[in-house]
Amino acid sequence: MNRHLVEELLTCSVCLERYNRPKLLPCQHTFCQDPCLSSLVDQDGREVKCPECRNVHAIPQEGVIGFPSNRTILGFLDIPLGQMASQADNGRALTCGSCSLKEELATCHHCQKQLCQSCHLLHMEQLQWDLRSLVSQLRRSIPKLSDALGDLEWRSVSLQENREAVQAEIHCSAEQYLAGLKEQEQALILEVESLVQGSSRTLRRKQEDLELGFATVCSHCDSVDSRLADNRNLPSTELWQLHQQSKELIDYIRQLETPDQDQPQSLMFVPNTAFYPNTICFGKVTWVTKDSTALSPLFNGQEFQRSYPSLTSTADSVEMYPPLFLTNPSNRLPNASTNNLTKRMRAGQRANILSSADPQTLVIKLQGIGSHFSDFQLSDRNLQLHYQEKGRMKCKIGSKGSDLGHFTWPRGVAVTLEGDLVVADSSNHRVQVFDRSGRFLHSFGSYGSGEGEFDCLAGVAVSNQGWIVTADRYNHRLQLFDHLGHFIRAFGHEGARDGQLSYPWGVAVDRTGCIYVCDKDNHRLQLFTSDGRFVLKFGCRGMGDGQLDQPHYVAIGPQDQVVVSDSGNHRIQIFDKSGKFLSRFGCEGTALGQFKYPRGVAVDHQGNILVGDSGNNRVQLFRQDGTFLQAFGSWGTGDGQVKGLEGVAFSRGDIIVSDRENHRIQTF
């Protein structure tokens with residue numbers, strides 16, 4: 001009997017160790033009593049789901065121990081493995097693996113064959129010849145490696161020169177913007193002076209009129225008193241004249257007592273609302289590839305001011321927001337067309353994507369100062385006020401079903417670079433993509449374990465390249481697709497070792513393209529490169545700081561902080577990008593700021609944290625430091641109500657929620 005086959009027969013498929021008190025489920029699959037079956041038990045439902053076939057079985061009254069023991073496996077465990085191997089060897093005569101002669105044999109350490117002396121010598125000669133051939137191939141590759149090393153050194157020097165040139169370009173552009181801002185500042189100050197001087201002249205004229213009236217009234221009163229005090233009879237004409245003058249002055253005073261229709265005014269500076277979140281975001285820095293023909297459609301036939309190769313931006317460029325635009329066209333800042341590397345690139349226009357193997361150059365692209373920008377971002381305070389008004393549903397997508405645009409247990413949600421919505425339609429084993437208005441665009445995936453197939457996928461994320469990353473839950477792997485749903489690669493398999501996964505759930509991609517995944521049943525997070533190489537892991541089962549209990553979803557913040565929904569511990573934990581614990585907030589409960597089995601998490605550009613409080617059927621918002629900001633939602637099937645939240649996401653000021661048990665997506 002083959003030793004390895006026996007060892008595989010005696011290995012539990014959950015813990016990958018030799019069976020410890022093997023128990024036989026009604027579906028005839030065998031697992032260790034502890035800790036494997038014990039950790040799979042649903043204590044509330046008194047049932048256990050088989051990890052092999054996923055059939056659900058009721059727990060006996062006495063617990064997992066009540067399942068029958070697998071006596072066949074127990075019998076094999078009692079026999080020493082070496083004894084079984086020696087008995088198998090004694091049962092057959094040893095012969096040479098090459099010539100079949102029964103002679104004294106030696107074992108080849110290369111292929112483990114049993115060979116006689118003559119065959120062993122020939123075999124060694126063949127190995128030596130193969131080794132010489134391999135060394136010859138390696139020597140032929142040395143010049144290529146040397147050339148590659150020289151190319152890297154050249155590219156390193158070029159990169160440093162490129163850095164200095166781009167920094168000088170940024171400095172020049174910033175100086176131009178600052179000069180324009182200074183010019184606008186002086187213009188506004190002169191406008192204030194002009195307005196104040198005009199108002200001052202008006203007030204001074206009114207003051208002079210009032211002083212004249214005051215002197216006239218006082219003089220008239222003194223004159224009348226003096227004339228009447230002489231005790232002489234005044235002519236009737238003079239009396240009538242003084243009487244009329246007094247009435248006119250009384251009417252004048254009454255007019256002064258009438259409230260002025262022109263209310264007092266104060267000057268106030270009304271800043272452009274686009275200025276504060278975009279003070280320094282006057283362009284973007286991006287990697288571009290040298291290609292003499294790629295950009296001609298983008299520049300509409302216009303020439304550069306200096307002689308440079310044509311440039312094409314790649315998909316991993318970092319967008320920055322357009323700058324302040326002024327309402328007075330005569331006082332606009334210098335237009336970005338003065339940038340020598342890019343001239344009048346229209347905002348929002350995309351360039352062709354070239355192969356990542358082409359040499360790249362770093363440039364800065366400035367946006368036109370007068371252009372309106374598509375992604376308006378509020379300042380920190382205004383953004384929080386905006387979130388505090390949330391709670392009314394704007395739109396909803398889907399209902400239960402398997403047709404396109406319908407869902408069965410939707411879970412993860414993500415937003416693409418274009419603003420499209422990506423949904424993990426879990427029990428339909430597919431990904432569906434919608435535009436911002438909820439219109440169905442396309443879908444990909446089907447049930448199975450092959451490339452591009454899913455078995456109840458969970459989390460979904462979008463990288464800076466536009467790749468869609470999915471957690472293929474029951475296939476215990478991650479799969480990557482391009483923005484159209486074409487399969488790129490898959491990695492991971494079931495297990496508890498580094499790089500292995502056990503029911504992966506939430507995924508997130510940082511700005512470098514590295515992938516964080518919630519390895520749920522291993523109670524940890526793992527970090528992979530985009531090509532599937534394991535980088536690190538952090539977390540273990542427990543309730544302490546940095547420990548996890550079935551983490552479900554993960555999100556990356558603007559300072560690369562890793563935000564994790566520690567579902568079994570009813571809290572949110574925050575780590576740095578290397579897995580070091582930073583902070584936590586929340587505990588089990590129904591009060592504001594408390595959770596019951598939190599699921600989806602998302603982080604906006606200001607660091608505000610969005611949490612899908614699944615057990616409480618509500619969405620909660622927190623500031624970057626974990627202090628409570630807003631909550632909305634309740635249990636139900638109506639608009640704005642939810643049943644069993646899963647993934648959440650931010651989308652240009654909106655909040656996207658996966659309403660799992662209502663089989664729909666809601667936007668607030």
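## NHL repeats, cores and ring contacts in a predicted model

The unreviewed UniProt entry lists "repeat: NHL" at residues 394-437, 441-484, 491-531, 535-578, 582-625 and 629-668. The coordinates discussed here are those of a predicted model. Over the listed stretch 629-668, the chain is 52% strand and 0% helix, and its end C-alpha atoms lie 16 Å apart.

**Chain totals**

The chain contains 34 strands and seven helices. Of its 668 residues, 41% are buried. Among contacts with a separation of 6 or more, 52% are between residues 24 or more positions apart. The exposed area of the chain is about 37,300 Å², of which carbon and sulfur atoms supply 51%.

**Nonpolar cores**

In soluble globular proteins, nonpolar side chains tend to be buried together. The largest nonpolar core in this model has 17 residues, and the members that touch the most others are Cys12, Leu25, Phe31, Leu37 and Phe67. Two elements, strand β2 (30-32) and helix α2 (33-40), each give two or more residues to this core. A further core of 16 residues lies apart from it and includes Leu383, Ala602, Leu645 and Phe668.

Leu37 can be followed in more detail. Once its neighbours within four places in sequence are set aside, Leu37 is in contact with Lys23, Leu25, Phe31, Cys32, Val48 and Val64. Two of these partners, Leu25 and Phe31, are also named among the core members that touch the most others.

**Aromatic rings**

The structure holds 15 aromatic pairs. One of them joins Phe585 and Phe622 in a tilted arrangement, with 4.8 Å from centre to centre and 45° between the planes. This pair links distant parts of the chain: Phe585 belongs to strand β27 (residues 581-585) and Phe622 to strand β30 (residues 618-622), with the two positions 37 residues apart in numbering. Phe585 and Phe622 are both buried. Both positions fall in the listed repeat 582-625.

Elsewhere, a single aromatic cluster is formed by Phe444, Phe454, Phe481 and Phe487.

**Charges over a ring**

Tyr474 has an arginine over its face in each of the two cases below.

| Arginine | Ring | Distance from ring centre |
|---|---|---|
| Arg54 | Tyr474 | 4.3 Å |
| Arg473 | Tyr474 | 4.7 Å |

Arg473 directly precedes Tyr474 in the numbering, and Tyr474 itself falls in the listed repeat 441-484. Arg54 lies outside the listed repeats, yet it is placed over the face of Tyr474.

Key. Residues are numbered from 1 along each chain as its sequence is written. This is a predicted model: local features need pLDDT of at least 70, side-chain atom pairs count only at pLDDT 80 or more; totals for chains, interfaces and linings use all residues. Side-chain values use heavy atoms; hydrogens and water are left out. A nonpolar core is a set of buried Ala, Val, Leu, Ile, Met, Phe, Trp, Tyr and Cys residues joined through side-chain atoms within 4.5 Å. Buried means under 20% relative accessible area, exposed over 50%, partly exposed in between (1.4 Å probe, protein chains only). Helices (H or I, at least four residues) and strands (E, at least two) are DSSP runs, numbered from the N terminus. Contact means heavy atoms within 4.5 Å. Accessible areas come from the Shrake-Rupley method with a 1.4 Å probe; for residues, only the protein chains shown count as cover. UniProt positions are given in the numbering used here, feature names are shortened, and annotations may be inferred rather than shown by experiment. Rings of Phe, Tyr and Trp (its six-membered ring) pair if their centres lie within 6.5 Å; planes under 30 degrees apart count as stacked, over 60 as edge-to-face and the rest as tilted. A charge sits over a ring if NZ of Lys or CZ of Arg is within 6 Å of the ring centre and within 35 degrees of the ring normal.
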